[in-house]
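Please look through the sequence and the structure below before reading the report that accompanies them. The text is meant for someone who meets this structure here without earlier acquaintance.

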Amino acid sequence: MPELPEVEAARREVGAVLVGCRIVAVSAVRDPLIFGALAPRALAGALRGRRVRGLHRRGKHLWLELDRRPWLALHFGMSGGLRIYRRESDRPRFLKMELVTDRGVHVGYKDARRFGRVRLQQDPLHEPPISRLGFDPLLDLPSAGRLAALLARRKAPLKAVLLDQSVFAGVGNWVADEVLYQAGLSPHRPASSLAPAEVRRLRARLRSVILKAVAVEADSDRFPRTWLFHHRWGKNAHAETFRRERIVHHTVGGRTTAWVPGKQR
């Protein structure tokens, strides 16, 4: 599932070719799971002829700022994403929507598993679901004191709280596991049990993981070799970290969690 770093990478890549352009053609399939009651003709009518003024992100959500409302809001779900191409023959599989600009660039939204969502909204930042999100670790990470106060009210396991988008917008499964591994904190710990020094450590690792992943455009091949990320997949009973630490897999907060009991307390 695309998480904050992957969605930010998409925002930067697509923004570079969309911002400043005019949308001259729009096509979409009729898919009530992705578009709800929004019909392809209504979508095209709202977007065709509009100039793109900006491409914004909060958490795992993107939206296009246009020269007239409504604006286009996107959530990638589990398998959604944007692709840039110039020829119709290069259209990706599972294409659900396509925008064509006055510069001949095609931007397609694809989604194989159909858990993503496409909406037209007057003010996406201040309408659900984006308005219900918590802080964004890249945009407005709170101070250690504010984060400690927030966690003190949460008795759920730390991993579950990290995945709660009303608290940590954009943090998904791999980011949460990486942050907890680097911070040396057990995913099973009640969030309210963290001491001030542990909160500071959690905040520092959250910031550094997000910044590094964004800096390398979410290209996992460029993540540091010491990261848990490279060894956390597949529920391998003999999985080990780069440092030869034993990895175990548990279900926490309804999600498969990779962690290292020998390091995380």
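What follows is a description of a sheet, several helices, the nonpolar cores and some backbone details.

The model is a predicted one, and local features are described where pLDDT is at least 70.

## The four-stranded sheet

An open sheet is built from four strands, which follow one another in the order β1-β6-β7-β5 and pair in antiparallel fashion. The edge positions belong to β1 (23–28) and β5 (80–85), each of which has a single partner strand, so one side of each is left without a neighbour in the sheet. Averaged over neighbouring strands, and with direction ignored, the turn of one strand against the next is 15°.

Strand β7 (residues 106–111) is joined to β5 by six bridges, and five bridges join it to β6, again with the strands running antiparallel. Within these pairings, Y109 of β7 has L82 opposite it and also stands opposite M97, while H106 of β7 is the bridge partner of Y85. In a regular strand the side chains alternate between the two faces of the sheet. In β7 both faces are covered, since H106, G108 and K110 on one side are buried, as are V107, Y109 and D111 on the other. The hairpin of β6 and β7 has four residues between its strands, and G104 there takes a positive phi near 80°.

## Helices across the sheet

Two helices, α1 and α3, are described here by the strands that they lie across. Helix α1 lies across β5, β6 (95–101) and β7, and runs at about 40° to β5, whereas helix α3 (residues 40–47) lies across β1 and β6 and runs at about 165° to β1. The 15 residues of α1 should span 21 Å at 1.5 Å a residue, and the 20 Å between its end C-alpha atoms agrees with this. Among the buried residues of α1 are L4, V7, A10, V14 and L18, together with the charged-letter position E8. After α1 comes G20, which has a positive phi near 95°.

## Helix α7 and the nonpolar cores

Helix α7 (residues 196–215) has 20 residues, and the 29 Å from its first C-alpha to its last is close to the 28 Å expected at 1.5 Å a residue. Which residues of α7 are buried? They are E198, V199, L202, L206, V209, I210, A213 and V214. Seen down the helix axis, the buried residues of α7 fall within an arc of 125°, so they line one face of the helix. An α-helix has 3.6 residues a turn, so residues three or four places apart point the same way. The face of α7 turned away from the buried side carries the exposed residues P196 and A215. The cover over the buried residues of α7 includes α1 (4–18), α4 (144–152), α5 (158–163) and α6 (173–183).

The largest nonpolar core has 33 residues, and those with the most contacts inside it are L151, F168, W174, L202 and L206. Each of α4, α5, α6 and α7 supplies at least two residues of this core, and α7 gives the most to it, with seven residues. Leaving aside residues up to four places away in sequence, L151 touches V161, F168, A191, S192, L194, V199 and L202. A second, separate core has 32 residues, including A44, L62, L64 and A73.

## Backbone details

Most residues other than glycine have a negative phi, and most peptide bonds are trans. The table lists departures from both habits in this model.

| Feature | Value | Place |
|---|---|---|
| Cis peptide bond, R69 and P70 | omega about 10° | P70 in the loop between β3 (61–66) and β4 (71–75) |
| Cis peptide bond, P128 and P129 | omega about 5° | P129 in the loop between β8 (117–121) and α4 |
| Positive phi, F94 | phi near 60° | loop between β5 and β6 |
| Positive phi, E217 | phi near 60° | loop between α7 and β9 (248–252) |

Are F94 and E217 buried, partly exposed or exposed? F94 is partly exposed, with a relative accessible area of 41%, whereas E217 counts as exposed at 58% relative accessibility.

Technical notes: Residues are numbered from 1 along each chain as its sequence is written. Side-chain values use heavy atoms; hydrogens and water are left out. The expected span of a helix is 1.5 Å times one less than its number of residues. Buried means under 20% relative accessible area, exposed over 50%, partly exposed in between (1.4 Å probe, protein chains only). The arc is that of the directions from the helix axis to the C-beta atoms. Contact means heavy atoms within 4.5 Å. Two strands pair if DSSP finds at least two bridges between them. Axes are lines fitted to C-alpha atoms, for helices over the stretch in contact, and angles run from 0 to 180 degrees between N-to-C directions. A nonpolar core is a set of buried Ala, Val, Leu, Ile, Met, Phe, Trp, Tyr and Cys residues joined through side-chain atoms within 4.5 Å.
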